[in-house]
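User: I would like to learn how to read some features of a protein model. Please take them one at a time, with the general idea before the case.

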Amino acid sequence: MAEQLDDKEIQEILKTGTDLRQYSRQIEKEFKDVENKSIEDYIKESQNIANLHNQIGNCDTILERMESMLLNFQNVLCNISSEITTLQKKSVSMSVQLTNRQSIRAQLSQFIEDMAIPEELITTIMESPVTEKDFIIQLNQLNHKLNLAKELSFKESKSVDDVKDVLLKLKIKAMSKIRVYLLEQIYKFRKPMTNYQVPQNTMLKHKFFFEFILMNERQVAQEIYSEYVETMSKIYYSYFKSYSSRLAALKFEDAVTKDDLMGIEDTGKTSIFSKASALRNKSTIFTIGSRGDILNQQLEAPILVPHAQQKNRYSYEALFRSEQYALVDNACREYLFGTEFFMVRGAQAQDLFNQIMGKTMTLMIKNVETYIQDCYDTIAMFLCVQLILRYQIMCHKRCVPALDKYWDSLQAAIWPRFEQIFRMNTQSVRECDPTKFNKETGPHYITRRYAEFSAAIVGISEHFPNELVSRLLLELQNEVECFILRMAAIFQTRKEQLIYLINNYDLVLGILMEHTRDNSKEAENFREQLSNRSSEYVEEILAPHFGGMIQFIKDCEQMVEKEQTDELRRQERRSLAIVSQFSANWKKSLEELNREVLLSFPSLVTGSSLLQLALASLVQYYQRFHKLLTPNARMQLTNIHVIMVEIKKYKSNY
């Protein structure tokens with residue numbers, strides 16, 4: 001703005017034509033006036049300026065003193081920081097030293113406590129009975145000190161020398177008392193009629209005793225181990241040897257022999273001296289009866305007590321079950337006791353078990369082998385195999401695998417003989433001569449034997465199927481079917497043959513259905529055979545009464561199929577004769593059918609079902625016959641409803 005004003009003034013001067021020198025002198029004069037006025041103002045304010053100068057000087061002095069003070073403070077603060085750092089370092093060092101000393105103090109205190117032998121420990125070990133609680137507590141303390149001293153002795157610690165003698169004497173004293181106590185418990189087993197569980201449970205309560213001896217003196221531990229093994233081995237062997245011989249006296253007197261095979265001819269001759277018990281035993285050769293209960297309700301039943309069962313007699317599998325169950329109980333308890341008390345596992349546990357029970361198991365295997373050599377009771381042997389499988393599972397549930405080889409040995413003894421006798425039964429059926437038997441259309445006793453036997457084996461093996469058993473059953477089934485067909489061939493007429501076949505197939509199927517599942521292979525096969533023969537039998541019994549009508553139906557249906565209409569019309573005279581004959585005789589024919597069927601089959605259910613099947617087939621033929629007739633012939637035909645009313649009279653409630 002000043003420049004703009006100057007420019008304007010200059011422009012004004014130039015416009016007005018003012019002399020610049022004059023203008024300059026004027027300006028200079030104005031400056032001089034202003035300067036003089038400024039000097040006057042300055043002179044007027046000189047006192048104030050002097051005061052201001054003095055004040056500024058005083059401020060400089062004060063600020064100088066403050067600067068000096070702040071510098072002093074800075075130096076002091078630097079010293080304090082250095083001292084704090086030093087104190088912090090000392091504090092950390094002292095804390096580490098304290099921690100180390102506390103740690104050393106705890107370890108040293110624990111070491112002194114572990115190494116020191118208090119008076120209470122010495123008194124208890126020396127004077128207290130081993131069964132008291134205080135003795136067990138102090139024995140644990142002593143064991144701890146012995147382990148520590150043993151560890152420190154390898155490091156050549158001098159402190160061990162101070163207590164070594166005392167610890168050694170206490171160890172010897174403790175082991176001496178424990179050895180005597182454990183041997184006393186073992187000797188209790190040798191007393192007659194001893195319940196072995198009582199001393200074993202007592203030993204288990206003090207199982208640390210053996211652990212203490214084992215850790216400190218293996219020779220003494222071996223002595224106790226050997227004494228126990230020798231004692232229990234003799235006890236179990238003696239017990240089971242006696243028990244087996246006394247059980248053998250309870251066996252049925254008349255054993256099954258080779259003359260009792262399935263295909264051996266039943267002469268029906270019995271001695272007047274035969275005992276009722278023997279006869280009852282013979283009846284169970286091929287039938288299961290209640291013998292199968294041994295695998296279910298009686299599996300864990302109390303063992304037989306020979307002196308209390310002197311008047312009773314049992315099959316072999318019942319005696320076998322009792323003996324094996326006794327072994328399972330004793331062996332499982334012994335195995336679990338050995339693993340817990342003697343602290344053994346795996347192969348060592350198996351070795352201990354074999355040392356104790358090995359002789360006994362060998363005896364029992366030999367007893368089974370001896371019996372099996374002359375055994376012809378296939379069902380008994382198969383029940384024994386099934387018992388073995390169940391008891392093996394029972395042992396596994398109790399976590400006792402030690403008997404696995406024993407079970408395998410028993411099965412190895414039984415299976416070959418079982419297969420041999422099974423095949424002998426099959427062979428006996430194959431070698432049967434049908435001409436030696438009476439001509440009776442009822443069920444054959446060999447068929448009944450097979451049905452009962454097959455149902456027994458199939459029922460027993462349902463839970464544990466076996467390929468060998470299935471194969472043997474199939475071979476026997478094939479032979480029995482061939483035998484049934486050979487027997488049927490001795491009858492002259494086809495109707496008699498069918499009656500025989502149906503009676504035998506029905507018997508087998510009925511027994512199989514009663515004792516096994518409906519869908520078993522054996523039942524399915526005989527069901528098919530029975531169905532086929534039943535259909536054929538129906539045709540056979542209908543033919544004498546309604547053969548003309550049936551043949552007419554077959555002939556005319558062929559004509560219809562071939563579209564021979566003219567030939568079909570020429571059959572009217574023939575149809576009228578058949579209608580006339582049917583109307584005159586159908587009621588009588590139904591009565592004769594009913595009588596014939598019911599007399600031919602011992603089973604009322606079978607006879608009734610066959611009669612109903614025949615009547616149903618007759619109704620079907622009658623309906624087909626009706627369709628083929630001319631209107632004239634139909635007018636003379638008996639009404640189907642009349643026939644149905646009559647048929648209902650023969651409906652049975654069986």
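Analyst: Start with contacts: two residues are in contact when heavy atoms lie within 4.5 Å. This is a predicted model. Leaving aside neighbours within four places in sequence, serine 128 is in contact with Thr123, Phe135 and Lys177.

User: Where does serine 128 lie, and is serine 128 buried or exposed?

Analyst: Serine 128 lies in the loop between helix H4 (119-127) and helix H5 (133-154). A residue counts as buried under 20% relative accessible area. Serine 128 has 15%, so it is buried.

User: What does the chain contain in helices and strands, and what share of its residues is buried?

Analyst: There are 23 helices and 0 strands. Of the 654 residues, 40% count as buried. The chain exposes about 38,900 Å², with carbon and sulfur atoms supplying 53% of that area. Among contacts with a separation of 6 or more, 79% join residues 24 or more positions apart.

User: Which contacts does tyrosine 621 make, leaving aside neighbours within four places in sequence?

Analyst: Tyrosine 621 is in contact with Glu539, Leu542, Met549, Ile550 and Ile553, with those neighbours left aside. Tyrosine 621 itself sits in helix H21 (residues 604-628). Its relative accessibility is 8%, so tyrosine 621 counts as buried. A C-alpha distance gives another view: tyrosine 621 and lysine 554 are 67 residues apart along the chain, and their C-alpha atoms are separated by 9.8 Å.

User: How is a bent helix recognised? What does helix H12 span between its end C-alpha atoms?

Analyst: One way is to set the span against that of a straight helix, at 1.5 Å a residue. A straight helix of 28 residues would span 40 Å, but H12 (residues 346-373) spans only 35 Å between its end C-alpha atoms.

User: Where does H12 bend?

Analyst: The bend is at methionine 357 and comes to about 60 degrees.

User: What should I look for in the phi angles?

Analyst: Most residues other than glycine have a negative phi. Methionine 343 has a positive value, near 55 degrees. This residue is in the loop between helix H11 (316-341) and H12. Glutamate 563 also has a positive phi, near 60 degrees. The place of glutamate 563 is the loop between helix H18 (521-561) and helix H19 (565-569).

User: Which of the terms buried, partly exposed and exposed fits methionine 343, and which fits glutamate 563?

Analyst: Exposed means over 50% relative accessible area, and partly exposed lies between that and the limit for buried. At 37%, methionine 343 is therefore partly exposed. Glutamate 563 has 68%, so it is exposed.

User: How many disulfides are there?

Analyst: A disulfide is a covalent bond between the sulfur atoms of two cysteines. In a model, the test is whether a pair of cysteine sulfur atoms lies within 2.5 Å. By that rule the count here is 0. Cysteine 432 counts as buried, because its relative accessibility is 8%. Cysteine 482 is at 38% and so counts as partly exposed.

User: What is the mean pLDDT of the chain, and where does pLDDT stay under 50?

Analyst: pLDDT is the predictor's confidence in each residue, from 0 to 100. The chain has a mean of 84, and 89% of its residues reach 70 or more. Over residues 268-283 pLDDT stays under 50. For that stretch the model has 7 contacts beyond four places in sequence.

Notes. Residues numbered from 1 in each chain as written. Predicted model: local features only at pLDDT ≥ 70, side-chain atom pairs only at ≥ 80, totals over all residues. Heavy atoms only, no water. Helix = DSSP H or I, 4+ residues; strand = E, 2+ residues; numbered from the N terminus. Expected span 1.5 Å × (residues − 1). Bend = angle between axes of the 7 residues up to and from the residue. Buried < 20%, exposed > 50% of the residue type's maximum accessible area, 1.4 Å probe, protein only. Areas by Shrake-Rupley, 256 points an atom, 1.4 Å probe, with all protein chains shown as cover.
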